[in-house]
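Work through the exercises below with the model open. Each solution goes step by step.

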Amino acid sequence: MTYEILQINQKDGIALVTISRPKAMNALNTRFFEEMDHAVSQFKTDENLRAVIITGEGKAFVAGADIAEMKNKTPEEGSIFATRGQATFSSFAELHIPVIAAINGFALGGGLELAMGADFRIASTKAKFGQPEVNLGLIPGFAGTQRLSRLVGLADALFLLTTAEMIGAEDALRIGLVQKVVEPEALIDTCMQIAKTIAGKGPQAVSKVKSVTHKGFDMSLEEGNKLEAEQFGSLFGKGSEGAEGMAAFLEKRKPNW
Ligand code: CO8
């Protein structure tokens, strides 16, 4: 597929995905979802890939769903578009590698929903966050009502969802919406550094710790613990990644994954 909106630069096992529609503040249209779904399908089968970073070009990360494209949808088309976007953002959690959102500017509406689909978020001091859908007489449709409360708790989520207030990076850090705030010039380097740190760990361990954590989040503690114990066990045994990691530690050498 030829990408018109996404720019993908892949090097040393790290894919940097830049959403590039700066004249429309990188607003998400149908074409974006086609391209992102294609990119994720490529990442899924790439055994050498260790992390994905998603960022935006210009002064926005993503300023939401494309309002111009969306405005004439029928109720049925609105629901279909929402379900489609939810599936794309949920596919990040199903990837075998971490997805990092590098939030350079406005992350509003569908843009914040995209960022919340990532495994964690690093923000520039210039980033701004909000769910402004009620300004348009809408509600979030790409899982914003569900993910925001899971990430920041019910009261902070409802505050943002009902007031449409835009908050800055420090407030986002305070409520746990982002994990780090850095100067704009340091954003991509910081995310690259984090991705490289992850790339140095046991790849199967990283993949399993991600999937067990995501799956366990919607399970009872008992079910989640059972899943964890099974997956913990799967990393032991002759020739396993755990065997190599533990041997390397005891032999005071770097593991050969
Ligand atoms: N969609 C389409 N175009 C957009 C969007 C958008 N979300 N955001 C900005 N643009 C366009 C503007 O129309 C403008 O275009 P033009 O130059 O042709 O007039 C251009 O980008 C630049 O924008 P501004 O001139 O407004 O730039 P400012 O720096 O003054 O303001 C803001 C930047 C604050 C980001 C402002 O553009 C803004 O408020 N944008 C809209 C934010 C918003 O409401 N987002 C939520 C959209 S709804 C949503 O995301 C729901 C998701 C779930 C959908 C479910 C499926 C049905």
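**Exercise 1: the shell around the ligand**

Find which helices and strands each supply at least two residues of the shell around the ligand.

Solution. Helix 2 (67-70), helix 3 (75-94), strand 6 (106-108) and helix 4 (110-117) each do so. Helices (H or I, at least four residues) and strands (E, at least two) are DSSP runs, numbered from the N terminus. Helix 3 gives the largest share, three residues. Next, sort the shell by class: 14 residues are nonpolar, five polar and five charged. Here Gly counts as polar.

The model is predicted: local features need pLDDT of at least 70, side-chain atom pairs count only at pLDDT 80 or more, and totals for chains, interfaces and linings use all residues. Residues are numbered from 1 along each chain as its sequence is written, and side-chain values use heavy atoms, without hydrogens and water.

**Exercise 2: backbone contacts**

Locate the backbone atoms that lie 2.8 Å from an oxygen atom of the ligand.

Solution. Start at Ala 65: a backbone N or O atom sits 2.8 Å from a ligand oxygen. Then take Gly 110: a polar backbone atom is 2.8 Å from an oxygen of the ligand. Now compute cover: alone, the ligand exposes 1,100 Å², and the protein buries 63% of that (Shrake-Rupley method, 1.4 Å probe).

**Exercise 3: Ile 67**

Is Ile 67 buried, exposed or partly exposed?

Solution. First, place Ile 67 in helix 2. Its relative accessible area is 46%. Buried means under 20%, exposed over 50%, partly exposed in between (1.4 Å probe, protein chains only). Ile 67 is therefore partly exposed. Finally, a backbone N or O atom of Ile 67 lies 2.9 Å from a ligand nitrogen.

Key
Polar contact = N/O pair within 3.5 Å; in protein donor to acceptor, adjacent residues only side chain to side chain.
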